[in-house]
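Hi everyone, thanks for coming. Have a look at the structure on the screen, and then I'll walk you through it.

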Amino acid sequence: APRSPFLAVKKVEPGEWLLVRQGRVKSKNYFYDIPYGRNSQSQQEQSENEIAEQLREKLRSAVKRQLISDVPVGAFLSGGLDSTSVVALMKDVEPSTPFRCFTIGHENKDRIEKNDLYYAKEVAAKLQLPLEIVEVTPQDFSYLEKVIFHLDEPQADPSAINTLLISKKAREMGIKVLNSGAGGDDIFSGYPRQIGRAHV
């Protein structure tokens with residue numbers, strides 16, 4: 001951002017808003033700037049535990065808001081920091097609802113390195129939630145053209161195919177809404193490559 005595959009098309013950047021009049025951009029502003037490395041005055045007076053509890057309550061409030069629906073709600077569950085947090089908070093907000101979770105399985109199940117399926121099963125078992133495993137095969141790459149069409153631009157990340165397959169399976173089961181923790185691993189340093197480099 002702001003570049004796109006089209007010469008005359010620019011993206012709105014993260015946290016940016018535009019004022020447009022008569023088809024022209026009159027002004028660009030940012031409604032939020034993440035204060036990396038900076039603490040607010042109020043944060044300096046709080047303990048780490050207090051800040052963590054405030055964050056938990058904000059996440060819980062966001063999840064609760066996303067559960068307001070007139071159709072069944074499910075969730076993507078990779079077992080990562082982001083989706084696990086969302087699913088755990090869904091269970092916390094509505095303990096008696098058996099939210100159906102969805103994850104990806106694939107034919108290379110015997111890798112020494114633990115994959116998403118291993119962690120997704122652990123989380124679903126711990127929270128006592130049903131887990132649907134959507135098997136992915138090399139043939140599913142045939143969906144790539146369709147996925148790129150819906151994304152509006154090329155992407156190098158094949159996980160968009162996984163998202164399509166999970167969404168398709170959920171829809172077949174009558175679930176039209178899936179909560180997702182997409183982006184949480186980026187913000188909370190939840191990837192293995194970030195171990196030892198996290199500032200939080």
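I'll start with the whole protein and then move to one residue, Asp92.

First, some housekeeping. This is a predicted model, where local features need pLDDT of at least 70 and side-chain atom pairs count only at pLDDT 80 or more, while totals for chains, interfaces and linings use all residues. Residues are numbered from 1 along each chain as its sequence is written, and side-chain values use heavy atoms, with hydrogens and water left out.

So, what's in the protein? It has seven helices and six strands; these are DSSP runs, numbered from the N terminus, with at least four residues (H or I) for a helix and at least two (E) for a strand. Starting at the N terminus, the order goes β-β-α-α-β-α-β-α-β-α-α-β-α.

How much of the protein is buried? Of its 200 residues, 24% are buried, meaning under 20% relative accessible area; exposed is over 50%, and partly exposed is in between (1.4 Å probe, protein chains only).

Now for our residue. Asp92 sits in helix H3, which covers residues 81-93. Is Asp92 buried or exposed? Neither, actually: Asp92 counts as partly exposed because its relative accessibility is 31%.

And what does Asp92 touch? Leaving out residues up to four places away in sequence, Asp92 touches Arg56 and Arg60, where contact means heavy atoms within 4.5 Å. With Arg60 there's also a polar contact, side chain to side chain, at 2.6 Å. That term means a pair of N or O atoms within 3.5 Å; within protein, one must be able to donate a hydrogen and the other to accept it, and residues adjacent in sequence count only if both atoms are side-chain atoms.
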